[in-house]
Amino acid sequence: MTTTPAPLQVSPPAHRWRAPAAACTTVVLWASAFVSIRSAGEAYSPGALALGRLLAGTLVLGAILIVRREGLPRRGAWPGIITSGVLWFGLYMVALNWGEQEVDAGTAAMLVNIGPILMALMGARMLGEGLPRRLLLGMGISFSGAVVVGLAMSGHGTSSVLGVALCLLAAVAYALGVVSQKPALAHGSSLQINTFGCLIGAVACLPFTGVLVSEAADAPLSATLNMVYLGVFPTALAFTTWGYALARTTAGRMGATTYAVPAIVVLMAWALLDEVPTPLGVLGGALCLAGVAVSRSRGRTGPPDEAPAPATGAAARSDAPGRTRRP
């Protein structure tokens with residue numbers, strides 16, 4: 001059933017750089033996660049890595065929430081918080097960690113990048129968001145770039161049926177998590193939504209506690225530090241900046257923006273791991289960025305990303321004195 005779309009928040013002209021900057025921060029930090037996962041994944045199993053990452057993220061987000069005195073989000077936010085917490089913070093992270101152990105990195109990248117396409121389709125069906133031609137064209141270009149990057153990253157490893165299924169499950173959980181989080185942002189700040197979403201994801205992963213404790217005792221310090229980094233930056237910071245940007249545009253456009261991640265991963269692997277990109281990898285990265293540029297562009301008479309009128313109702317009240325504050 002189609003739900004009433006949450007009102008988009010509109011920033012004054014002088015502040016309209018904040019949402020694009022938040023989106024860029026998210027993309028860069030999520031790209032860096034691939035480098036850290038490669039190190040941490042050698043010492044930690046999928047469930048233990050997800051739990052450790054979520055616990056670190058929850059501690060950081062909870063501390064910031066207390067300092068900012070934001071408190072609990074309103075009742076209307078909780079369905080989206082619980083759904084995104086279980087699916088995106090919990091299931092997605094475990095499925096992706098596990099899937100990447102069963103298939104090579106290139107195959108995993110191609111499969112998970114189905115997520116933004118599903119996100120746009122679900123946003124149109126469940127949130128009443130449109131599917132502009134530029135968005136569809138840009139996502140098509142970016143997805144082809146992601147496939148090219150995946151082919152360039154593919155090694156000689158095997159791809160099991162289980163691994164393919166897990167990566168597809170991660171893509172679906174990712175899309176459902178984002179679409180369910182979007183309405184919740186009309187009832188609380190990005191910090192609130194992601195703090196409690198991260199907490200719920202950690203609770204869902206508590207069955208892996210014994211494995212985490214056991215593996216942490218034998219893991220090298222570098223792997224543990226990478227796990228903590230994943231919790232503090234690609235989770236606590238990046239999910240909060242993601243929520244800030246998502247509240248100010250559509251789920252489809254935000255999903256298209258994440259297609260810049262494969263291109264940045266190619267550059268980071270080159271700079272940090274001395275993995276010189278192949279011509280095929282460079283071509284794929286360029287296609288990803290070109291697709292993002294097309295999807296984020298506006299036609300001469302097309303509607304802006306943000307609503308033309310100020311937000312009303314719950315979104316407007318969230319900035320009132322005594323209510324929740326936006327980060």
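**Reasoning through a predicted helical model**

Q: Where is the place of Arg69 in this predicted model?
A: Arg69 sits in the loop that runs between H2 and H3.

Q: What makes Arg69 count as exposed?
A: Its relative accessibility is 76%. Exposed means over 50%, and Arg69 is therefore called exposed.

Q: What is notable about phi of Arg69?
A: The angle is near 55 degrees, which is a positive value, and the residue is not glycine. As background, most residues other than glycine have a negative phi.

Q: How do you know that Glu70 and Arg68 meet in a salt bridge?
A: The N to O separation between their side chains is 2.8 Å. The cut-off asks for a side-chain nitrogen of Lys or Arg within 4 Å of a carboxyl oxygen of Asp or Glu, so the pair of Glu70 and Arg68 qualifies.

Q: How many salt bridges does a search of the whole structure find?
A: The search turns up one salt bridge.

Q: Why is Glu70 called buried?
A: Glu70 has 8% relative accessibility. Buried means under 20%, so Glu70 belongs in that class.

Q: What about Arg68: why is it called partly exposed?
A: Arg68 comes out at 25% relative accessibility. The partly exposed class lies between the 20% limit for buried and the 50% limit for exposed, so Arg68 is placed there.

Now to the helices.

Q: What does the chain contain in terms of helices and strands?
A: The count is 14 helices and zero strands. Every element in the pattern read along the sequence is accordingly written α.

Q: Why is H3 called oblique to H8?
A: Helix H3 (residues 78-102) packs against helix H8 (residues 190-204) at an angle of about 55 degrees, and their axes are 7 Å apart. That angle makes H3 oblique to H8, because roughly parallel needs under 35 degrees and roughly perpendicular needs 65 to 115. As for handedness, H3 passes H8 in a right-handed crossing.

Q: What makes H2 and H10 oblique to each other?
A: The angle between helix H2 (residues 46-68) and helix H10 (residues 221-246) is about 55 degrees, with 7 Å between their axes. An angle of about 55 degrees is not under 35, not over 145 and not within 65 to 115, so H2 and H10 are oblique. Their crossing is right-handed.

Q: Why is Leu51, found in helix H2, called buried?
A: The relative accessible area of Leu51 is 1%, and buried means under 20%, so the label holds. The C-alpha atoms of Leu51 and Met227 are separated by 9.6 Å, although the two residues are 176 residues apart along the chain.

Q: Two residues of helix H3 come next: why is Leu96 called buried?
A: Leu96 is placed in helix H3. With a relative accessible area of 7%, Leu96 is under the 20% limit and is therefore buried. Its C-alpha atom is separated by 8.2 Å from that of Val112, 16 residues apart along the chain.

Q: And what makes Trp98 partly exposed?
A: Trp98 is also found in helix H3. Its relative accessibility is 36%, which falls between 20% and 50%, so Trp98 counts as partly exposed. The C-alpha atoms of Trp98 and Leu49 are separated by 10.0 Å, with their positions 49 residues apart along the chain.

Q: How do you know that Ala175 is buried?
A: Ala175, in helix H7 (residues 161-184), has a relative accessible area of 0%. The limit for buried is under 20%, so Ala175 meets it. The C-alpha atoms of Ala175 and Val112 are separated by 10.0 Å, and these residues are 63 residues apart along the chain.

Q: What share of the residues of the chain counts as buried?
A: Of its 327 residues, 52% are in the buried class.

One last topic is the surface.

Q: Which residues form a nonpolar patch on the surface?
A: The patch consists of Leu121, Leu131 and Leu136, and together they have about 250 Å² of accessible area.

Q: What makes Leu121 eligible for that patch, and why is it called partly exposed?
A: Leu121 is found in helix H5 (residues 115-126), and its relative accessibility is 46%. Patch residues need over 30%, so Leu121 passes that requirement. The value also lies between 20% and 50%, so Leu121 counts as partly exposed.

Methods
Residues numbered from 1 in each chain as written. Predicted model: local features only at pLDDT ≥ 70, side-chain atom pairs only at ≥ 80, totals over all residues. Heavy atoms only, no water. Buried < 20%, exposed > 50% of the residue type's maximum accessible area, 1.4 Å probe, protein only. Patch = residues over 30% accessible without salt bridge, like charges linked within 9 Å, V, L, I, M, F, W, Y side chains within 5 Å. Areas by Shrake-Rupley, 256 points an atom, 1.4 Å probe, with all protein chains shown as cover. Helix = DSSP H or I, 4+ residues; strand = E, 2+ residues; numbered from the N terminus. Axes fitted to C-alpha atoms, helices over the stretch in contact; angles between N-to-C directions. Left-handed = near helix turned anticlockwise from the far one by under 90°.
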